[in-house]
Amino acid sequence: MSNKALAAGLGSCPKCHKLNVMHASRQVCSRCLTLFSARKPKSIEYTLAWTIAALVMFIPANIYPMMVFYTFGKPEASTILEGIAIFIQMGMLPVAVIIFIASFVVPLGKIIGLFTLMYNTKRKTQLTLKQQGQLYHIVEFLGPWSMLDVFVVTVMAAVVNLGFLSSIEPAVGITYFTLMVVFTIFAAESFDPRLLWDNHQKHNHQSLSEKTYKNTDVLHHDK
Amino acid sequence: MKNHSVVNNMIACHQCDSLLPMPYLLEGQNALCGCCGAMLFSKKKDAINRTIAVAIAGLLLFFPATLLPIIGIGAAGLYNDASLVDCITLLIDSRNYVLAFAVFMFTIAIPVVRLITALYITWCIKFQQIKPSLLVFFRSYHVLDTWTMLHVFFLGVIVSMYKLSSLADMTIDGGLFSLILLLLCSTLMSVTIDQHSIWHELEKSLEQ
Ligand SMILES: [Zn+2]
Ligand SMILES: [Zn+2]
């Protein structure tokens, strides 16, 4: 088992990655003066709160329309999934796939990924540490890409503005959607990946000591 | 001072917290964690000069990229085009304030501040004018990196173009080219800037 900074009484600064000798649970980095702890304080609590907030926002984001399309003054509202259905009807399959992935699969996948990561910091799991690290990387990397549909609607609304003939207006669903994306990014930022390795180490130690305990038990019985 | 040498000659992985000896890198090399494979840091070639160049180019490109129209459409004798700033003012007019704020922050405010921050710090290091206030500036750089969404906005423009080309006559305007170049500068900056060396430089200069 390799050395951990925490066990050595050291902590690395989250901003500049300088190694510090930890004198207190919260202290100022010797290099960049950031106030930090060896582990992000209340990491799981914050991650859980932001993830739940994102999950709650996911519901109105899908129920309410993202945009309203006016042709000759006649409004036609469409939600995320309806918008995708329109794309498929128009034969624009590649765009439909991109939008479906960016605004439906990715946000939901991120929320599920965050719950999986949080679970993995508490319990013993089937996933290897490498897979958990990769999952964290994916969740972190995907963050801003879910904003795609928001930008599409923004650009469309600004460009398609031909008065009575046709115009597009963003609708309330998109605000919920934006909040959901922002909340998932906050959640990923609050998560401390080192907790995954801490948990792994703890479980390995526990199972080792459990085994030795059982062995001594057997010996006692033999006597 | 045993502790002093430990904190200066060791590094902890920010992903798995493994304590590792500080690797010595040549230009262009990356240091990876031996335990989990996460990238610890990398040493960049001619980082200061390149970052200054890219940041100045990016800042200059910001004006055409945000003010010039990106795309336009025409149908039945009517024509309309929109720039990035138009997108935001339109969102404010239609009272989508949260959305307007988010789009403004992710595509204009944060990318600009990020370029200014990088330029200011590399400029001060190049001309040996290091002051403690730089620490505050550079600490914010990491956060700005997370929230810069020019690349996503650009993909959004591409998808919109695809969508619009089937609905009406679409024209491409100068804003789009500026946006492509700006995106290039913004992305290049993540490649040229050497965060590890900058922190090291700041620490060394402020200690004296
Ligand atoms: Zn620091
Ligand atoms: Zn590691």
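Which residues of chain B are covered by the UniProt annotation "transmembrane region"?

1. In the unreviewed UniProt entry, that annotation covers residues 52–79, 99–123, 144–162 and 174–193 of chain B; UniProt positions are given in the numbering used here, feature names are shortened, and annotations may be inferred rather than shown by experiment. This is a predicted model, in which local features need pLDDT of at least 70 and side-chain atom pairs count only at pLDDT 80 or more, while totals for chains, interfaces and linings use all residues. Residues are numbered from 1 along each chain as its sequence is written, chains are lettered from A and ligands numbered from 1 in the order in which they are written, and side-chain values use heavy atoms, with hydrogens and water left out.

2. Residues 99–123 of chain B are 100% helix and 0% strand, with their end C-alpha atoms 35 Å apart, whereas residues 52–79 of chain B are 57% helix and 25% strand, with end C-alpha atoms 40 Å apart. Helices (H or I, at least four residues) and strands (E, at least two) are DSSP runs, numbered from the N terminus.

3. The zinc ion (ligand 2) has as its protein donors B:Cys13 (SG), B:Cys16 (SG), B:Cys33 (SG) and B:Cys36 (SG), at 2.2 to 2.3 Å; donors are N, O and S atoms within 2.8 Å of the metal (3.2 Å for Na, K and Ca), and water is not among the atoms, so sites may look incomplete. The arrangement is tetrahedral because the 4 donor atoms subtend angles of 104 to 116°, where four donors count as tetrahedral if all angles lie between 85 and 135 degrees. The donor residues follow the spacing C-x2-C-x16-C-x2-C in sequence.

4. B:Cys13 is buried, with a relative accessible area of 0%, and B:Cys33 is buried as well, at 5%; buried means under 20% relative accessible area (1.4 Å probe, protein chains only).

5. B:Asn96 sits in the loop between α3 (84–93) and α4 (97–126) of chain B and is buried, with a relative accessible area of 8%. Not counting residues up to four places away in sequence, B:Asn96 touches A:Pro170, A:Ala171, A:Thr175 and B:Leu91, contact meaning heavy atoms within 4.5 Å.

6. In chain A, strand β7 (residues 166–170) is largely enclosed by the rest of the structure, because 4 of its 5 residues are buried. Strand β5 (residues 67–71) of chain A runs antiparallel to β7(A) and is joined to it by 5 bridges, two strands being paired if DSSP finds at least two bridges between them.

How values were computed. Buried < 20%, exposed > 50% of the residue type's maximum accessible area, 1.4 Å probe, protein only. Tetrahedral: all angles 85-135°; square planar, octahedral: opposite > 155°, others 65-115°.
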